[in-house]
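Please open the model in your viewer and keep a selection tool at hand. The stops below follow one helix and the pocket beside which the tour ends.

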Amino acid sequence: MDSAQEILSPRLNQLQQALKDGVPNALEAFWSTIEQEGTPLIEALDSDDDQCLVTFLWHSEEQDGYVLVMGGLNPYRYRDGKWSIEEGLMDRLGQTNLFFKSYRVRKDARLTYRFWPTDIPMRYFKQEGWDSRKTTRQPDPLNPRQYEEPANPQFDSPGLVESILELPDAPPQSWIQKEASIPEGTLNLHHFESETLADKRRIWVYTPAGYPKGLHNTDYSLLLLFDGWDYIHLIPTPTILDNLIHAQKIPPLIAVFVDKADPKTRSKELHCYPPFAHFIADELIPWAREVYQVTEEPSQSIIGGLSAGGEGALYMAFTHPEIFGHVISQDGAFWWAPQDDLEPKEWLARQIAQSERRSISIYLEAGLLVPYHDNVPLNNLDVNRHMRNVLQAKGYPLVYSEYYGGHHWINWRGSLGDALLALKLDTV
């Protein structure tokens, strides 16, 4: 090696020096150790107790080529009219088969990532050659911890496996593990036909263990969640509810999971769409109360969602506080505004700021590692902080939280339980 690369990792600096000194089998010995330890490589930073150094490692079988690490530490950047991914491009250590990428990371990080080996340097989302090369994206073969997104046959979604980075101070996810000793609720699938929307969609209804036994002659609390399939398969909501109810942290409740009709209409429906709100208020809720023992008390009713569903949930409660008294918004996409609106962003925040306060309480959370427009600050973190400020200024009861992670279910699966605890439904 002719000259030393600038490398943050002490372990890689030692390897680079060993290679320079001609130490026999230095690279082979390094890989042998890493295979036993697993990846990513995590090292202390003397200068900062709140951060550590995370180094992603890729063992290449090819003499030429490029590798990207894609995930929460590399949110897309909007540059020159394109979504850039080039910040994930890994460096090769000299002429070896080792690619690396190092980051200073807070010790409470939790996120997912994948590697993408390619024969050309992919720099932009959906640049020329993207489709023919994206099949090589894969989880980290040296990291045993994985997050699996199962296939969704309803929408021809093939599923996905990602690797997990979870540092020691990541918030506990206390309620997501299934316990054999805890009674399970029941999940029933319905195919609901809407006159308002002129479509049919899947609706799942969770009923707690012991249902339909009456609770002191009162009806059950209600939790309604958008993106129903995701909240069942990507976030283990039925298990979370089983655990919280068994621990008497929340009252036994009925959960209604509303699926999207199809991926193309999801964005339209969840971004403050009056016909969809009409469908929920005038069709789905009356049906749920007729078929199940569901409360009519707003103080015992929660509506929630993630991303666009987080905005949809707040919009639904804002327009129908007589039904929903509580809101869960997980990294809500509050940047939206109608195309014909004179102000091209954050329509819902403006409506809330200009209107009388509703009788609703809100749990609002946002991830710190989110896609960002270099020229237009409209990422989810910015708009969630602005929504927080608007809600606080109007006097809404609010719990606001930020987590060190991306726009991803691996974070939301833990914070859903936190949200349900924070809203403090009456236990009976």
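Select Ser-415 and view α11 from the side: the helix has a kink of about 30 degrees, centred on this residue. Since this is a predicted model, the geometry described here is that of the prediction.

Next, select the whole of α11, residues 409–423, and display its C-alpha trace. At 1.5 Å a residue, its 15 residues should span 21 Å, and the end C-alpha atoms lie 20 Å apart, so the expected and modelled spans agree.

Now colour α11 by relative accessible area. Is the helix mostly covered or mostly open? It is mostly covered, with twelve of its 15 residues buried. Among the buried residues are Trp-409, Ile-410, Trp-412 and Arg-413, together with Ser-415 at the kink. Further along, Leu-416, Gly-417, Ala-419, Leu-420 and Leu-423 are buried as well.

Move to Lys-424, just after α11, and inspect the backbone: this residue takes a positive phi of about 55 degrees.

Finally, display the second largest pocket, which holds about 230 Å³ of space. Of its 17 lining residues, select Pro-171, Ser-401, Tyr-403, Ser-415 and Asp-418, which lie nearest its centre. Ser-415 thus appears here again, both at the centre of the kink and in this lining.

Which element gives the most to the lining? That element is α11, with four residues. Select β17 (361–367) and β19 (398–403) as well, since each of these strands supplies at least two residues. Colouring the lining by class shows six nonpolar, five polar and six charged residues.

Methods:
Residues numbered from 1 in each chain as written. Predicted model: local features only at pLDDT ≥ 70, side-chain atom pairs only at ≥ 80, totals over all residues. Heavy atoms only, no water. 1 Å grid on protein atoms, 1.4 Å probe; cavity = no way out; pocket = protein on both sides within 12 Å on 5 of 7 lines; lining within 4 Å. Points joined across faces, edges and corners; volume = space filled by probe spheres on them. Nonpolar A, V, L, I, M, F, W, Y, C, P; charged D, E, K, R; others polar. Expected span 1.5 Å × (residues − 1). Bend = angle between axes of the 7 residues up to and from the residue. Buried < 20%, exposed > 50% of the residue type's maximum accessible area, 1.4 Å probe, protein only.
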